[in-house]
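Welcome, and please open your viewer. We will go from stop to stop, and at each one you will hear what to select and what is there.

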Amino acid sequence: MKAHVSSILLGVRDMEASKRFYTEGLGWKIEQDYGVSVFFAPDGGSPVGFYGREGLAEQVGTTPEGSGFSGLVLTYVVRSETRVSEVMAEAEKAGATILKSAGPLPWGGYGGSFADPDGYIWSLGYSAHGEDQPYAE
């Protein structure tokens with residue numbers, strides 16, 4: 001198996017609320033809306049989409065219950081400290097829970113993190129030393 005993710009599916013409890021958070025709040029564009037699932041225009045990265053939490057759990061053979069830290073963090077790397085702070089503010093205004101405010105990181109970068117309405121964690125970051133880093137923007 002190659003180190004490649006074909007798409008990222010987030011199991012969401014409220015499809016409409018999640019669509020509002022990502023489209024109206026963060027400015028994402030819907031590419032396909034199938035009713036039971038939604039996919040966003042990938043803009044050069046792996047496609048990200050939603051699926052109803054219960055349906056997605058059933059599809060992969062597990063239960064939809066879960067709590068606490070899942071061990072999964074979605075990372076979004078930008079080209080400046082300013083952009084980290086801007087995206088964090090956009091997310092908070094859209095209803096995200098700020099987990100760690102934007103600021104210097106122990107390894108020398110700059111970043112912060114937030115959770116979307118379903119608790120999925122996004123880590124934003126910037127590093128002046130990350131010249132070979134694939135940037136989201």
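Select strand β7, residues 110-115, and look at its two sides. Both faces are covered: Tyr110, Gly112 and Phe114 are buried on one side, and Gly111, Ser113 and Ala115 are buried on the other. Buried means under 20% relative accessible area, exposed means over 50%, and partly exposed lies in between, using a 1.4 Å probe and protein chains only. Counted along the strand, 6 of the 6 residues of β7 are buried. Helices (H or I, at least four residues) and strands (E, at least two) are DSSP runs, numbered from the N terminus.

Before moving on, here is what you are looking at. This is a predicted model, in which local features need pLDDT of at least 70 and side-chain atom pairs count only at pLDDT 80 or more, while totals for chains, interfaces and linings use all residues. Residues are numbered from 1 along each chain as its sequence is written, and side-chain values use heavy atoms, with hydrogens and water left out.

**The partners of β7**

Add strand β6, residues 97-104. β6 and β7 pair in the antiparallel sense over 5 bridges; two strands pair if DSSP finds at least two bridges between them. Find Gly103, which stands opposite Gly111 in β7. In the hairpin that joins β6 and β7, 5 residues lie between the strands, and Gly108 takes a positive phi near 105 degrees.

Now add strand β8, residues 121-126. β7 and β8 also pair in the antiparallel sense, over 6 bridges. Here Tyr110 stands opposite Tyr126 in β8. The hairpin of β7 and β8 has 5 residues between the strands, and in this hairpin Gly119 takes a positive phi near 90 degrees.

**A salt bridge from the loop**

Stay at the loop between β7 and β8 and select Asp118. Which residue forms a salt bridge with Asp118? The partner is Arg13, with the closest N and O atoms 3.6 Å apart. A salt bridge is a side-chain nitrogen of Lys or Arg within 4 Å of a carboxyl oxygen of Asp or Glu. Arg13 lies in the loop between β1 and α1, so the pair ties together parts that are 105 residues apart in sequence. Asp118 is buried, with a relative accessible area of 14%, whereas Arg13 is exposed at 55%.

**The open sheet**

From Arg13, step back to strand β1, residues 8-12. Four strands form an open sheet in the order β1-β4-β3-β2, with mixed pairing. Its edge strands are β1 and β2 (30-33), each of which pairs on one side only. Neighbouring strands in this sheet are turned by 20 degrees against each other on average, direction ignored. The axes behind such angles are lines fitted to C-alpha atoms, for helices over the stretch in contact, and angles run from 0 to 180 degrees between N-to-C directions.

Select β4, residues 48-52. β1 and β4 pair in the parallel sense over 5 bridges, and Leu10 stands opposite Phe50 in β4. Next, show helix α1, residues 15-25, which lies across β1, β2, β3 (37-40) and β4 and runs at about 165 degrees to β4. Helix α2, residues 53-60, packs on the sheet and touches β1 and β4; its direction makes about 95 degrees with that of β4.

**From helix to strand**

In helix α1, pick Lys19. Lys19 forms a salt bridge with Asp33, the closest N and O atoms being 2.8 Å apart. Lys19 lies in α1 and Asp33 in strand β2, so the pair ties together parts that are 14 residues apart in sequence. At 12% relative accessibility Lys19 counts as buried, while Asp33 is partly exposed at 39%. Add Glu16, and you have a network of salt bridges linking Glu16, Lys19 and Asp33.

**Last stop: the core**

Which residues have the most contacts inside the largest nonpolar core? Select Leu10, Tyr22, Phe50, Val84, Phe114 and Leu124; the core has 23 residues. A nonpolar core is a set of buried Ala, Val, Leu, Ile, Met, Phe, Trp, Tyr and Cys residues joined through side-chain atoms within 4.5 Å. The largest share of this core, 4 residues, comes from α3.

Finish by centring on Leu10. Leaving aside neighbours within four places in sequence, Leu10 is in contact (heavy atoms within 4.5 Å) with residues including Tyr22, Phe50, Leu56, Leu74 and Tyr120.
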